[in-house]
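I opened my notebook today to look at how two chains sit together, and then to follow one helix. Come along and check each entry against the picture.

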Amino acid sequence: MSRLTEISSLPWVRWTAGAVVAVVLLVLPLVSSEYANQNLARIGVFAVAVLGLNVVMGYTGQVSLGQIFFVGAGAYVTGYGANEGWNIGLVLLASILLPGVVGLLVALAAARLGGLAIAMVTIALPIVGVPLAKRLSDVTGGSQGLSSSFSNAPAWTGLFNDQWQLYLVLVIGGATFLLTRNLVRGKYGRAFAIVKANEAVAASMGISPYRYKVLAFTVASLIGGVSGFLYMAVIQFTSPETMTFGHSVTLLASMVIGGAGSIVGSMLGGAYYVLVPQWTNAIDPNMTELLQGALLLLTLFLLPGGLVSLPRAIARRLRRNRRSGGTGHHETPSARPAPGRDGVEETATDGGIPTERQEQV
Amino acid sequence: VGQFIQLVVDGLANGSIYAVLALAIVLVNQATGLVNFAQGGMAVLSTYAAWRLTEQGVPLVVAILVSVVVSFVIGGLIERFVMRRFERGDPDTAVVVTIGLLTLITGLCGWLWSYNNQQFPSLFSLDTVSLFGAAVSVRSIGTFVVVVAIMLLVQALFRGTKFGLALRAVAINPESAAFSGLPVGRLLMAGWGLAAALGAVAGALVAPSLTLTPGMMNSALVYALAAVILGGLSSPIGVVVAACLIGVLENLAAVYVPFIGYDLRVAVPFILVFVVLVVRPQGLFGRKVVVRV
C-alpha cells in the first residue's frame with residue numbers, strides 16, 4: 001500500500017492520471033445514455049452542495065442544517081435571472097453572491113455563540129425558507145415553483161440537452177471542487193482544522209475562531225449558491241419543496257456517510273443523495289426516511305469516517321488479522337502515506353467529524 | 001383590546017408548550033453537554049403512542065400518563081444504547097447522532113402510522129370564557145396551567161429530593177459524582193428519561209391544535225431551540241421566560257405585522273435570536289462561559 005502511494009506521488013504519474021480522468025470525463029457524456037447522463041449531472045449538483053457543507057462542517061467542525069437553503073436560494077436567483085433575460089455570466093455571479101451575502105449575515109450572528117449555536121440557528125433556515133419562498137411569489141412563483149430552460153443545448157454544439165448540461169456540471173462543478181481543494185489544503189484549511197480541534201488553542205495561536213467560522217460558513221453558502229445554479233441548469237425547475245427540512249437532513253446525512261472532511265467523500269455524498277433515495281423509494285416510499293435515519297446511525301457507529309474511509313478500515317482490519325495470526329510479518333503499526341502534499345489531506349480526513357472515537361467504548 | 005388579550009393568552013399557551021420542550025433540551029444539555037435535536041421527534045413518538053391507546057378506547061388522561069411513562073423508559077434506553085458511546089467525545093458528532101435519531105424516529109412514525117394527519121383528542125374543551133372582556137379559549141388556559149404545574153413539579157424534584165440532588169451533581173461534574181459513589185450511568189439515563197417524559201407532555205398538549213403528523217414538532221423544535229439560545233443554556237428560568245416571550249410575540253406579529261402573517265410567523269424567533277446574538281451573545285439570562293485549555 002505504501003508503495004502504491006509512493007508511485008502515485010510521482011509527478012508524471014499524477015499528470016497522466018489527471019489527463020486520463022479529464023479525457024474520460026470529456027468523452028463520457030457523449031457515449032452514455034440519457035438516463036445515465038442525467039443521473040451523473042444530478043450527482044454533480046449535490047456533490048457540490050455536500051462539498052459546501054463539508055467546508056463548514058467537515059473541515060471546520062460547525063454543524064450546519066441550513067446548507068439546503070443556500071442551494072434553494074441559488075436556484076431561485078438563477079431561475080429568476082435567466083427568465084428576466086440577464087447575461088448568463090451575470091446570473092451565475094448573482095446566484096453565488098446572494099446566498100453568500102445571506103450566509104455571511106447569518107454567520108456573523110450565529111458564530112458569536114460558541115459551541116452548537118450554529119446548528120441551533122441554522123435549523124431555522126429551511127423551516128423559515130419554505131414559507132418565505134411561498135410568500136415572495138412575485139419572484140419565486142410561490143408554491144407552483146419556477147422553471148427555466150436556459151440550459152438547453154445551443155444549436156451550434158450539436159449536443160443533446162442532457163450532454164450539454166452534464167458538461168456544464170463538469171466544468172463549473174469541477175472548478176468549484178478544484179478551488180475548494182486548494183482552499184482546504186492551504187493555510188485556510190489548517191486554520192479551519194485547528195478551530196475544529198480546539199478553539200481555545202486556535203485563539204492562543206492568533207487564529208480567531210469567530211473569523212474563521214464566519215469565513216467557513218460564508219464559503220459554504222457561496223458553494224451552496226454554485227450548487228443552486230447547477231440545480232437549475234440540470235433540473236430546470238425549483239419550488240419551495242427544494243429546501244425543506246427533510247432535504248436539509250438528507251444533505252447532512254450524505255456528507256457524514258460520504259466522508260466528513262474529504263473531497264472524495266463529498267463526491268460519494270452527492271452520489272448517496274441522488275441514488276439512495278431512488279433505491280429506498282423502490283423498496284417502499286413510506287420507509288425512505290426510516291432507512292435514511294438507520295443508515296446514518298449505522299455509519300456513525302460502524303464507519304465514523306464515512307464511505308471514503310472504507311478502504312483504510314478494511315486494510316486496518318486485514319492487517320490486524322494478519323498480525324494476530326502470528327506469522328511474524330513485520331509491518332509498521334500505521335501505514336500512513338508518505339508525508340508530503342498527500343499527508344495534509346490524510347490528516348484532515350482522519351480528523352473528519354466522526355472519526356476520533358472509534359476505539360472508545 | 002379584546003383581540004390583544006386573546007392573542008397574548010393564546011401566545012402564552014403556545015409559548016408554554018415550547019417552554020416544556022426547551023426545558024427538556026436544557027435538562028439533557030446540563031447533564032451531557034449536548035443538544036438533543038431528536039427531542040421533538042421523541043415527543044412525536046410518545047404522542048403517537050398515546051393516540052394509539054385512545055384509538056383502543058383508553059381514556060385520554062390514562063393514555064397520556066402511560067405514554068409519559070413509556071417515554072421515560074425509551075429516553076433512558078436511547079441514552080444507554082445510542083448516546084452513551086458519543087457523550088464524552090466531540091459534541092458535534094453527538095449532535096449529528098441526534099439528527100440521525102430524529103430522522104429515524106420520524107421515519108418510524110411515518111412508516112407505522114402513515115404521513116397523514118391524525119386527529120388527536122384535546123384534554124380541554126374548545127369553549128371560550130370571558131376574561132377582562134376578551135373571549136379566551138379554555139384550552140389555552142388549561143395548557144398554561146398544566147405547564148406551570150409541571151414546571152413546579154420539576155423544580156421540586158431538582159431542589160427538594162435526593163434524586164434531584166444526584167442529577168444536579170452529575171450535571172455539574174460527572175467525574176466527582178462518580179467518585180462520591182453516584183451511579184452516573186443510571187442517572188444519565190434518568191435525565192434522558194425525564195426529558196423524554198417532558199417531551200411527551202408537550203406533544204400531547206400541542207397535538208390537538210396542530211393535528212398529529214410525524215413532522216409535527218419540527219417547528220416547535222425551532223421555537224424551543226430559539227428559546228434555549230435566548231434564555232441561555234444554563235438558565236432554565238430564562239429559557240421558560242424566553243419561550244413564553246416567543247409565543248406571545250409570534251402571535252402578535254402574525255396579526256399586527258402584515259408582511260409576517262400566519263405563514264411566516266416561524267421567522268419571529270429567528271429574528272429575535274438574530275438581534276439578541278448581536279447585542280448580547282450569552283443569551284438574556286445566560287452566563288459567560290470561560291474555557292480552560
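Before I start on the helix, I note that the expected span of a helix is 1.5 Å times one less than its number of residues. I also remind myself that this is a predicted model.

**Entry 1: a helix and its length.** I looked up H5(A), which has 23 residues and should therefore span 33 Å at 1.5 Å a residue. I found its end C-alpha atoms 33 Å apart, which agrees.

**Entry 2: its start.** I saw that Asn87(A) caps the N-terminal end of H5(A), with a side-chain oxygen 2.7 Å from the backbone nitrogen of Gly89(A).

**Entry 3: its buried residues.** I listed the buried residues of H5(A), among them Val91(A), Ile96(A), Pro99(A) and Gly103(A). What do the buried residues of H5(A) pack against? I found H4, H6, H7 and H12 of chain A, together with helix H11 (267–279) of chain B.

**Entry 4: the two chains.** I read that 47 residues of chain A are in contact with 50 residues of chain B. In chain A, Met120(A), Arg135(A) and Phe301(A) lose the most area to chain B, together 16% of what that side buries. The two chains bury about 4,400 Å² between them, and 76% of it is on carbon and sulfur atoms.

**Entry 5: charges across the interface.** How many salt bridges does the rule find across the interface of chain A and chain B? I noted one. I saw the side chains of Arg135(A) and Asp263(B) meet in a salt bridge, at 2.5 Å from N to O.

Technical notes:
Residues numbered from 1 in each chain as written. Chains lettered and ligands numbered in written order. Predicted model: local features only at pLDDT ≥ 70, side-chain atom pairs only at ≥ 80, totals over all residues. Heavy atoms only, no water. Contact = heavy atoms within 4.5 Å. Buried area = accessible area lost by both parts, 1.4 Å probe. Salt bridge = Lys/Arg side-chain N within 4 Å of Asp/Glu carboxyl O. Helix = DSSP H or I, 4+ residues; strand = E, 2+ residues; numbered from the N terminus. Buried < 20%, exposed > 50% of the residue type's maximum accessible area, 1.4 Å probe, protein only. Polar contact = N/O pair within 3.5 Å; in protein donor to acceptor, adjacent residues only side chain to side chain.
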